[in-house]
Amino acid sequence: MRTAQEIGGAAAARTARGASLRTESLTAGYGGSPIVHEISISVAPGEVVSVVGPNGSGKSTLLKGIVGIVEVLSGSVHLDGADVTHRATEEIARLGVGYVPQVDDVFAPLTVAENLEMGGYLLKPKDVPARVEHVLDVFPQLRRMVSRRAGKLSGGERKMLAMGRVLMLEPALVVLDEPTANLAPQIAHTVLDEHVRRLALTGATVLIVEQRARAVLAISDRTYVLAGGRVRMEGTPAELSASSEFVESFLGGGQPAGG
Amino acid sequence: MIYYLTTILVYGGVDAIACLGLSQQFGVAGVTNFGFIIFQAAGAYTAGVLSLPNQSANGGFQSYVGGLGLPWPIPWIGAAIVGGLLALPFASLVGKRLRGDFAAIGLLVTAVMFNLLVTNYRPFLNGAAGLSLVPSPLGGVVDPLSGGYQFGYGIVAIVLAALVYLFLRRVTNSPYGRTLRAMRDNDVVADSLGKNLRSLRTSMLVLGGAIAGLSGGVLVGFINLWDPQAWGYAETIVLFAAVIIGGLGNHSGAVLGAILVPLGFEEASRYIPSIGPAGLIPALQWVAIGLLIVLFLWFRPQGILPERRRKLATAGVPAGPVVLPGAGAADELPDVPTLPPPPVVARHPGASAARGEIVLEAHDLARIFEGVRAVDGVTIAIQRGRLTGLIGPNGAGKSTTLAMLAGTLLPSEGRILYAGEDITGLPAYLRARKGLVRTFQLASEFKKLTVIENLVSAVPGQQGDSFRGAVLGKRYWGAQERQNVERAEHMLERFGLSAHADRYAGDLSGGQRRLVELMRSLMAEPQVLLLDEPMAGVHPRLARQIGHQLLALCAEGMTIVMVEHELSIMDEFCDPVIVMAEGRVLAEGTMAELRGRSEVVEAYLVG
Amino acid sequence: MRPGGTGRKATSSLSIFESSVAFGLITSAVLAIASVGFTLQFAVTNVLNLAYGAVMIAAAFAAYAVNQAGVTIWVAALAAAAVGSVLSLFLNRVIYTPFQRRKTSPIALVIVALGMTLILEFGTQAIAGPTNVSYTMAQGPMLQVGGFALSAAEIAMIGLSLVIMAFVHVLIRYTRLGKAMRATAANRDLARNCGIRTDRVVTVTWIITGALCGIAGAVFGMNAGTFGATSTDVFLVLILAAVFLGGPGEPYGAMLGALVIGVATEVSAAFIVPDYKDVIAFVILLTMLAVRPTGLLGART
């Protein structure tokens, strides 16, 4: 693959199943003021790792720092061991990172098919149709609506398309920012239980930020809990579910957070 | 030589008057009127047809309406009046609804269209040939061609410019001027503080139009002719260039700009030898104006004479640059001020009323954005004298609910009652005047107002906060202003920001700006205060101190509703707390009760 | 006024109508080339490039210089395209983008664009002189096309416009670059997440639209007969009207808008007063701005 040649060392280290991701005391924020502080997380190849936490805990900012949208103030981001800190977001995309933002996650005036083609922008043009077919196999519901404008899709369909778009590049790492935001509860569960699972089954490593903590726990291998811009807990779903501190980290009641 | 000098005086005076009008409109009030030149043209034409004899005179070689042959100064007065009246229909074009650059284009195009219409329709104002033989003022009494008359005309133009300058300075330096500048910096916030944007903008359009009209009237009396080429759209650009180069928001800058740009270029060309083919020098003049605009906007956007910082604070403020504590790291302020215990003052009219009585209620409130029900049937009742918390996951509809209560957004469905009165359709500024005041989640300070100006701007019912009051002058509003400044200084002291009183609010750190906003909303003398995440970006220690201040205010009778995501704050200060999720109210109670309720836990953990 | 038609026409008003429609189609042809370029610039950079008319006229004069050297105007138009590209690229890279990076307000950007208009227009005038010029070109024989009487040159202008519209259609609908342009216009951040180097896409867009602007300038000059450095001032309003009618940023909307505005102005000229033919475009533009600034086809917010 073209992208693989471009990235040299990082590509060589990448397994077929997915990339590893590591942040080392990452501090990031807007206009020089940090929102997340010294965050160190790691995701092993093929893992599904979620980040949860209350409003304003910095979950989304963390993701944006990783994919190069938000300024990294200190610390570093490593993809398959290669330092990718401070790279432009399109260059990080070229390293095989597919990022699905929370809003504005599709090209609204473009058709579903064109959205997928844009997802495969880095592929050789002759490889695109086959890859579109492959993505439509992963998300068969999209097949009915290939010529519809993305802006006309329902919330759930849109999210499916957004995930399909990042799948076009056979991403080594998929980064999802609150894929269930603004979705009705039932559709939210479909997105997490079905769509994200299918993404994971393609072999990609998945890093997902979610507000629906319990629901995302059910599909995660490991979970980080953020509060006040710092990592407060880390563990497997079983460990976290059993912990009383887990509920407190959302609803307070223990020690005042941040104070 | 005398002729040359008088020309400079007249053109200088006329350009200065026009630039001052634009400076008031654009530089002070932020009303962008790319059709400004139309108003000068209207004034010139008006003065022309008022002073010209009937069109059949002079052998009837011109055709125009009017031709009343009125004596000076009626044509000048008429010029100003018509310029002002013409502005009224424009008021609808400069509203908030349209993207700034789209509105600008609308006005620019209107100017081009007016020119085209006047050019092509001869019976109205003699078409492309324009008016000529416009009588000079008092031309029947004094010989208009005498040097004395011409020099006198120049002096009159300069005196008029000086009067306009003094008048506008009086308006701008008043509380009304402060309100105009506040609107320029952030109109939505000004609206939420009780300022009537529509009336303010209309007043500025009319005032600017009248001043531009006067400049046209003065000009046409001197040059005795006026045609469509004199007011091409490019002339508007020249005036904008003058005001930008001189310094936006500074009337002295506008005068300087008038001398440098329109007058300077006109005069400079006299000294340039006519090299090259015909028309080369005028073309290069325009190129130079274009270059000046672009270069100034890039290298010195504040202009040669930048807007003056107005110092109001009476207390001694350290001179020289103040090092901002913790700038750029709002939540790690090294010098968190220790707030003194809040004084008990019973200034709220509601203080006497029974605590616990329902003061603000919403019934089945809904707001639909593009088919999505962001708020979906919210019914709440807010009790007087309480600090009510509003929490919920992202996207629960908290801020939207707050905005509907304050009138920033109008509800798609439902009713809002305030002190028993239905205020569902009432505009934000009228709600603010009734004591229902909000703050904003995003930074919303008036950047180019000082901290203390930010505070004082919010005081309701200021004598000087009207056009009339501003014109009456400081003797009329000065005493009250001093009281308001004093009150603001007490407020600054209470929140530990006295040292920053005369700094531009836009230069403060994030946490300090939140404080300015909170203080400003308190200056508005609210009975019900709606706070949207007032503690975001504020150091936790300071946040708790603010919490205590808010509790004290509630004890004095104020009612506060606060959206906040830091639940420990809710624990400590808010009772009751309302939980929202998915656009609906989920539960209400103390934080401790809510924590025990499974639907709240589920809302936070599952959604 | 040109002969309206053949003896088949029953009434003279009908023939006036038909000839005015024919005029309108030529205006539409010029307008379409210009409007599509303008609207695509807005789509990818969110700038209302009011200096567009000035670039057109500078390019038209470049074509004039080549035409005077003895080259047919149809070839000289390529010089216009080149000058249009270079000037447009300059405007975007050296002027608009740096101002946008500084978060200059849209209104200040309008003032910048007007400043650039003065520089380009009167820079052209300083070089070319204040007198109006005309291309040396043959009108060719009058031909009957579908009931309209048009000269060969006019048919060629309409043909050129149709070819360019087809080119734009193929470009944005079927090529990788064109889709990247639309993706960049729709959502720049997301485009970058797809690995698209949006800065390059924007640059290429301005090169292409600059060429369209330049060609529009040359065709404008052909259609106008004579032109001077400030001749496009009013034409810019027609462009804006076409763009806002179709919705800013919508290339197909601009095509439709150009057709409507071109025909509407000429037909109104025939039946109302010729002097006011552009007023209808002004009225349409102001109405669109007041009522539906996203245009008839636009859905952008």
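**Entry 1: chain B, overall**

I began with the layout of chain B, which is divided into domain 1 (2–299), domain 2 (353–443 + 512–607) and domain 3 (446–507). A reminder to myself: this is a predicted model. I looked up the secondary structure next and found 22 helices and 10 strands in chain B. Its C-alpha atoms fill a box of roughly 95 × 50 × 50 Å along the principal axes. I also checked burial, and 53% of the 607 residues of chain B count as buried. For contacts in chain B between residues at least 6 apart in sequence, I noted that 77% join residues at least 24 apart.

**Entry 2: domains 2 and 3 of chain B**

How far apart do the C-alpha centres of domain 2 and domain 3 of chain B lie? I got 27 Å for that separation. I then turned to the contact itself, where 12 residues of domain 2 of chain B meet 13 residues of domain 3 of chain B. On the domain 2 side, helix 18 (residues 510–523) of chain B gives the most, with 9 residues. I sorted that side of domain 2 by class and wrote down 6 nonpolar, 2 polar and 4 charged residues.

**Entry 3: helices 11 and 12 of chain B**

Back in domain 1, I picked a helix pair. Helix 11 (residues 251–271) of chain B packs with helix 12 (residues 280–299) of chain B at an angle of about 150 degrees, and their axes are 11 Å apart. Angles over 145 degrees count as roughly antiparallel, and the two helices are therefore roughly antiparallel to each other. I checked the handedness too: helix 11 of chain B passes helix 12 of chain B in a right-handed crossing.

Which residues of helix 11 of chain B meet helix 12 of chain B? I listed Val261(B), Phe265(B) and Ser269(B), and across from them Ile281(B), Gln285(B) and Ile289(B) in helix 12 of chain B. The spacing looked familiar, and I jotted down the textbook point: an α-helix has 3.6 residues a turn, so residues three or four places apart point the same way. By class, the contact of helix 11 with helix 12 of chain B holds 4 nonpolar and 2 polar residues, with no charged ones.

**Entry 4: Val243(B)**

I wanted a single residue to look at closely and chose Val243(B), which sits in helix 10 of chain B. Is Val243(B) buried or exposed? I counted 30 other C-beta atoms within 10 Å, so Val243(B) is buried, the cut-off being 20 or more. Leaving out residues up to four places away in sequence, I found that Val243(B) touches Cys19(B), Leu22(B), Ser23(B), Phe26(B), Gly27(B), Leu248(B), Ala254(B) and Gly257(B). I also took one distance to Tyr4(B), which is 239 residues from Val243(B) along the chain: their C-alpha atoms are separated by 25 Å.

**Entry 5: chain B against chain C**

How many residues does each chain bring to the contact of chain B with chain C? I noted 33 from chain B and 33 from chain C. On the chain B side, helix 4 (100–120), helix 10 (233–246) and helix 12 each supply at least two residues. The largest share of that side, 13 residues, comes from helix 4 of chain B. I sorted the chain B side by class as well: 24 nonpolar, 7 polar and 2 charged residues.

**Entry 6: helices 5 and 6 of chain C**

Next I opened chain C. Helix 5 (residues 152–174) of chain C and helix 6 (residues 176–186) of chain C pack at an angle of about 75 degrees, their axes 5 Å apart. That angle makes helix 5 of chain C roughly perpendicular to helix 6 of chain C. From helix 5 of chain C, I found Leu171(C), Ile172(C), Arg173(C) and Tyr174(C) in the contact, and from helix 6 of chain C, Leu177(C), Gly178(C), Met181(C) and Arg182(C). By class I wrote down 5 nonpolar, 1 polar and 2 charged residues.

**Entry 7: chain A**

I finished with chain A, which has 11 helices and 11 strands. Of its 259 residues, 53% count as buried. For contacts in chain A between residues at least 6 apart in sequence, 70% join residues at least 24 apart.

I then zoomed in on helix 3 (residues 59–66) of chain A, which is mostly covered, with 8 of its 8 residues buried. Among the buried residues I noted Lys59(A) and Lys64(A), along with Leu62(A), Leu63(A) and Ile66(A). Just after helix 3 of chain A, I came across Gly68(A), which takes a positive phi of about 85 degrees.

Terms used
Residues are numbered from 1 along each chain as its sequence is written. Chains are lettered from A and ligands numbered from 1 in the order in which they are written. This is a predicted model: local features need pLDDT of at least 70, side-chain atom pairs count only at pLDDT 80 or more; totals for chains, interfaces and linings use all residues. Axes are lines fitted to C-alpha atoms, for helices over the stretch in contact, and angles run from 0 to 180 degrees between N-to-C directions. Helices (H or I, at least four residues) and strands (E, at least two) are DSSP runs, numbered from the N terminus. Angles under 35 degrees count as roughly parallel, over 145 as roughly antiparallel, 65 to 115 as roughly perpendicular and the rest as oblique. A crossing is left-handed if the near helix is turned anticlockwise from the far one by less than a right angle, and right-handed if clockwise. Two residues are in contact if their C-beta atoms, placed from the backbone, lie within 7 Å. Ala, Val, Leu, Ile, Met, Phe, Trp, Tyr, Cys and Pro count as nonpolar, Asp, Glu, Lys and Arg as charged, and the others, Gly among them, as polar. A residue is buried if 20 or more other C-beta atoms lie within 10 Å of its own, exposed if 12 or fewer, and partly exposed in between; C-beta atoms are placed from the backbone. Domain bounds come from an automatic or database domain assignment.
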